[in-house]
Amino acid sequence: EPLRRWVQVAFGWLLVGTCIELWLTLAEALLADPVAYTQNAAARHAIGQGFLLIIIVGVGSRILPGFAAWALVHQREMNAIALTLIVGAFLRVLGELAGPELGAPAFTVAAIGGTLGTLGFLAFGVRLFQTLGPPGSRPRESVGHVRARG
């Protein structure tokens with residue numbers, strides 16, 4: 001089931017972010033060498049971009065009225081959105097961790113990761129808006145649901 005995989009990956013990102021933060025804190029305390037800002041950002045992005053965005057998309061694809069039915073029918077598109085978020089988080093975190101040592105190439109990788117995360121979440125938002133409709137409107141009919149006429 002795709003949602004189960006997404007949640008497992010998301011919680012993996014939560015662990016990665018926690019481990020990065022712990023590693024950086026220990027390195028800073030033991031070596032008395034300040035950690036680069038971008039390396040601290042890697043921990044935040046592992047949790048924010050890797051964990052939170054994937055959880056929002058995964059849970060949203062199951063609980064939002066109207067959208068859940070669309071997501072079940074369009075699982076390939078939902079998988080593509082989730083994969084875009086996962087790859088984006090990986091590139092973002094990798095680029096930020098390597099940034100101080102590698103410089104511009106690493107920051108380019110981080111920028112690509114941030115862009116992929118933004119595009120994946122934007123695709124989710126567009127599909128959600130299309131399914132739910134503008135504010136104040138009623139959600140579109142769920143797939144397979146026939147409105148009673150009377």
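Start by selecting Ala32, the residue that follows helix α1. Its phi is positive, near 50°. Keep in mind on this tour that you are looking at a predicted model.

**Stop 1: helix α1**

From Ala32, step back and select residues 2-31, which make up helix α1. This helix has 30 residues. From its first C-alpha to its last it reaches 43 Å, close to the 44 Å expected at 1.5 Å a residue.

Now show the side chains of Pro2, Leu3, Trp6, Ala10, Trp13, Gly17, Ile20 and Leu24, which are buried in α1. As you look along them, a general point helps: an α-helix has 3.6 residues a turn, so residues three or four places apart point the same way. What do the buried residues of α1 pack against? Add α2 and α4 (75-102) to your selection, and you have their partners.

**Stop 2: α1 beside α2**

Next, keep α1 and colour α2, residues 37-63. The axes of these two helices, α1 and α2, come within 8 Å of each other and cross at roughly 165°. An angle over 145 degrees counts as roughly antiparallel, so α1 is roughly antiparallel to α2. The crossing of α1 and α2 is left-handed. If you colour the contact of α1 with α2 by residue class, you will find 19 nonpolar, seven polar and two charged residues.

**Stop 3: α2 beside α5**

Hide α1, keep α2 and bring in helix α5, residues 104-132. Here the helices α2 and α5 pack at an angle of about 20°, with their axes 11 Å apart. Are α2 and α5 roughly parallel or roughly antiparallel to each other? Angles under 35 degrees count as roughly parallel, and α2 and α5 are therefore roughly parallel. Their crossing, that of α2 and α5, is left-handed.

To see who meets whom, select Thr38, Gln49, Leu53, Ile56 and Val57 on the α2 side. Opposite them, in α5, select Phe107, Gly113, Gly114, Gly117, Phe121 and Phe124. By class, this contact of α2 with α5 has six nonpolar, five polar and no charged residues.

**Stop 4: Thr131**

Stay in α5 and select Thr131, which lies in that helix. Is Thr131 buried or exposed? The relative accessible area of Thr131 is 6%; buried means under 20%, so Thr131 is buried.

For a last step, select Asn79 as well and draw a distance between the two C-alpha atoms. Thr131 and Asn79 are 52 residues apart along the chain, and their C-alpha atoms are separated by 17 Å.

Conventions: Residues are numbered from 1 along each chain as its sequence is written. This is a predicted model: local features need pLDDT of at least 70, side-chain atom pairs count only at pLDDT 80 or more; totals for chains, interfaces and linings use all residues. Side-chain values use heavy atoms; hydrogens and water are left out. Axes are lines fitted to C-alpha atoms, for helices over the stretch in contact, and angles run from 0 to 180 degrees between N-to-C directions. Helices (H or I, at least four residues) and strands (E, at least two) are DSSP runs, numbered from the N terminus. Angles under 35 degrees count as roughly parallel, over 145 as roughly antiparallel, 65 to 115 as roughly perpendicular and the rest as oblique. A crossing is left-handed if the near helix is turned anticlockwise from the far one by less than a right angle, and right-handed if clockwise. Contact means heavy atoms within 4.5 Å. Ala, Val, Leu, Ile, Met, Phe, Trp, Tyr, Cys and Pro count as nonpolar, Asp, Glu, Lys and Arg as charged, and the others, Gly among them, as polar. The expected span of a helix is 1.5 Å times one less than its number of residues. Buried means under 20% relative accessible area, exposed over 50%, partly exposed in between (1.4 Å probe, protein chains only).
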